[in-house]
Amino acid sequence: MKTVTENLMDPKGSIEKLNNTPSQKVNILMVDDHPENLLALEAVLTSPNYNLISAHSGKEALKCMLQYDFAVILLDVQMPGLNGFDTAKLIKAREKTKNIPIIFITAISQEMEHVHQGYSVGAIDYIFKPFQPETLKKKIEQFVKIHQNHQETIIQTDLGHLLELNKVNKRLDRTTLNLRRTEALSKAISETITDTIITFDNQGSILSVNPAITSMFGYQAKEVVEKHVLNLFPKWEAEVFGDLSTFLSTIRQSVGKIIEVVACRKDKSCFFADLLIASTIIEDEQIFVCTVRDVTERKQIEEVKKQQFHNLEHIVKERTLELTKSNEKLQKEIEERKKMADHLFRSQHRFRKIFDSSPLLKAILSQKDLTFLDINASWTSFTGYSSNELIHQKIKCKNFIDEITGKSIDFNKKIRNKKIRYETKDEEVRSGLLSTEMIDIDSEPCTLVVLNDITERVHLENEMYRLDRLNLIGEMAAGIAHEIRNPMTTVQGFLQLSRNRIDNLSTDFIDLMLEELNRANSIITEFLNLAKNKISVKKMQNLNTIIEALSPLIQAEAFRSNKQLMLDLGECPDISLDEKEIRQLILNIALNGLDAMTSNGNLTIKTYNHKETVVLQIKDEGKGINPEVLSKLGTPFFTTKETGTGLGLAICYSVAKRHDAQIEIETGDEGTTFSVRFQLIPSLTTA
């Protein structure tokens, strides 16, 4: 406050100077221990007419009170150290600052006892966070106007004092003028404030009301003046004032406290209101001032919050139930996973035992760099390498050779029972059947290598093959000797006979000897057809064409024994064939079929495609082949015919092998079926 002491003898000059004093910014104090809250308030209240001063604690706020005059104080309730209530008490205890309006702002407690406590320490308002920016701004504007009017009143009072000092004789007039101005100012304040202000005496009779009573209660001022104040609060009267004699004591006890009541309007409608009662003595008579604030909106907000809280409780309850069910489900999943983990552990244990104790050579390689991750005991036993020599070392592919191609094995490919040669640590070459499988171990791509060492078996098979060949050679030698000795004996006998005779041999004897020699030559020729290195002249041609050209010959042979030939030729692609050899194969099997049947039997020749093969099928209706005979079919010089050589089927098997074909035999009481399967793409290794 600035006191004017100049130009005491010139009232007009002083008045003009006071009127011409430039308007200064109004100081507003914001107290909050959270900087973000101060920033929020500053954003709402920023104005060229306001000087916003921030304090972060109660102590800092008290220091600011010593430096500035404030129009209004925005005070946070919950602060560490000196809280809002204690700070407000200290401000109100100081004479200079006790009349500064204090507005409490809090986001924590909305309980009535805290609100009452705020009003009891001198607060003029109590705002809950989050607040409405426009509402706060309007309230601050009104308090600023009150402050400005109050400042103007002070200036006017100082001017009155100046006039009183200069013109003592006009003091009374000036005082009256100031009183009028004060009255007008009070009236302006009462007319602008939205709360209803009621003054009443100690009997409860209303002395005055401000214009807000019309908008709040619907009454005109003259309608309520001299009426009892409890007419505006009938429910409060029924609940608190059972006896009107206790009115005065009850009102005195309520001074400085906020009372929540139900107020009634002129139209009998009710609303919630907060009463703040103050007391003063005027001319030895106690006068009460009651501020009535409509809190219906706040109540509605509280009801909404209660409903929201109830809804939140319901949501929390449902969510808790869901979480409980989820937890139970999770527990079951944990138990299942534990069982799976136990099962996996047992499986791994079993795998480890099988892996380590397997007689097969087993190793696990990393697909990334083909290094050994693990090997079993058989691997170290057969190869001669220890685990320390191989683990984390790259496998030597050159030590594992494909027997067919002679190339190194590619361990990044899937392999099934490939016959290989492998080299041990002592440079011994052994034989084995190699298989690989792609697996994942701990998310790392690996290759499981399984090697079945067949070195001993190969040696045994070679020895058995050698013995079988010797045995076969013996049987073939005996067969050849038997088959050729007969014609040679005949020729020898006739030659000996001719030596003892003087005359020449007759033509019949010579023809007989030539026939026997031709028979021996035929046997030798058929035997040579079994040769593995016989050259086949193959070209792309159709199997059905060969059968159709050969069918009249077979049909004629069938007619001779009262039998029938039936053709069932399907569409077949051209394949690589030696026509002479295939004709011989078909004739041998067909004639054997005709010989196996009785009269009126049917011989069926059928062709068809099946899984990249062309199938030649010759079926008779004979009595079938005895199992003992079936096991010897194809053996040279084995025959069940009286005049046969036993080379027919052996030649068929030889022809089939040179054509990369397979001969399959199905026999039974209803007949025998020979199926010859030719590959559409012959193997490169076909002999």
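# A tour of the predicted model

Among contacts in the protein between residues at least 6 apart in sequence, 54% join residues at least 24 apart, a contact being a pair of heavy atoms within 4.5 Å. This is a predicted model, in which local features need pLDDT of at least 70 and side-chain atom pairs count only at pLDDT 80 or more, while totals for chains, interfaces and linings use all residues. Residues are numbered from 1 along each chain as its sequence is written, and side-chain values use heavy atoms, with hydrogens and water left out.

Begin with the whole chain in cartoon view, where the secondary structure comes to 20 helices and 23 strands; these are DSSP runs numbered from the N terminus, helices (H or I) having at least four residues and strands (E) at least two. Of the 687 residues in the protein, 36% are buried, where buried means under 20% relative accessible area, exposed over 50% and partly exposed in between, with a 1.4 Å probe and protein chains only.

**Stop one: Phe85, Phe104 and Asp125**

Select Phe85 and Phe104, one of the 9 aromatic pairs that the structure holds. Rings of Phe, Tyr and Trp (its six-membered ring) pair if their centres lie within 6.5 Å, and planes under 30 degrees apart count as stacked, over 60 as edge-to-face and the rest as tilted. With ring centres 5.3 Å apart and planes at 85°, Phe85 and Phe104 therefore form an edge-to-face pair. Phe85 belongs to helix H4 (residues 84-93) and Phe104 to strand E4 (residues 102-106), so the pair ties together parts that are 19 residues apart in sequence. Phe85 and Phe104 are both buried.

Keep Phe104 on display and add Asp125, which is found in strand E5 (residues 125-128) and is buried at a relative accessible area of 2%. Not counting residues up to four places away in sequence, Asp125 touches Ile102, Ile103, Phe104, Tyr119, Lys139 and Arg293. The C-alpha atoms of Asp125 and Ile103 are separated by 4.8 Å, although these residues are 22 apart along the chain.

**Stop two: a lysine over a ring**

Select Lys299 and Phe272 next: the charged end of Lys299 sits over the ring of Phe272, 5.2 Å from its centre. The criterion here is that NZ of Lys or CZ of Arg is within 6 Å of the ring centre and within 35 degrees of the ring normal.

**Stop three: the aromatic cluster**

Now select Phe372, Trp379, Phe400, Phe411 and Tyr422, which ring pairs link into a cluster. Within this group, look at Trp379 and Phe400, whose ring centres are 6.2 Å apart and whose planes stand at 35°, so the pair is tilted. The pair links distant parts of the chain, since Trp379 lies in helix H13 (residues 377-383) and Phe400 in strand E13 (residues 400-402), 21 residues apart. Trp379 is buried, with a relative accessible area of 2%, and Phe400 is likewise buried, with a value of 6%.

**Stop four: helices H17 and H18**

Two packed helices are described by the angle between their axes and the distance between the axes. Colour helix H17 (residues 543-560) and helix H18 (residues 579-596), which pack at an angle of about 35° with their axes 10 Å apart; axes are lines fitted to C-alpha atoms, for helices over the stretch in contact, and angles run from 0 to 180 degrees between N-to-C directions. The residues that make the contact include Leu550, Ile554, Glu557 and Ala558 of H17 and Ile586, Leu587, Ala590 and Leu594 of H18.

Centre on Leu594 in helix H18, which counts as buried at 3% relative accessibility. Leaving aside its neighbours within four places in sequence, Leu594 is in contact with Ile554, Glu557, Ala558, Lys563 and Leu603. The C-alpha atoms of Leu594 and Ala558 are separated by 6.7 Å, with their positions 36 residues apart along the chain. Then select Gln555 in helix H17, a buried residue with a relative accessible area of 18%, which is in contact with Lys563, Gln564 and Leu565 when its neighbours within four places in sequence are left aside.

**Stop five: the loop between E20 and E21**

Finish at Lys611, in the loop between strand E20 (602-609) and strand E21 (613-619), which has a positive phi of about 50° although it is not a glycine. Glu612, found in the loop between E20 and E21, also has a positive phi, near 65°. Lys611 is exposed, with a relative accessible area of 73%, and Glu612 is exposed as well, at 65%.
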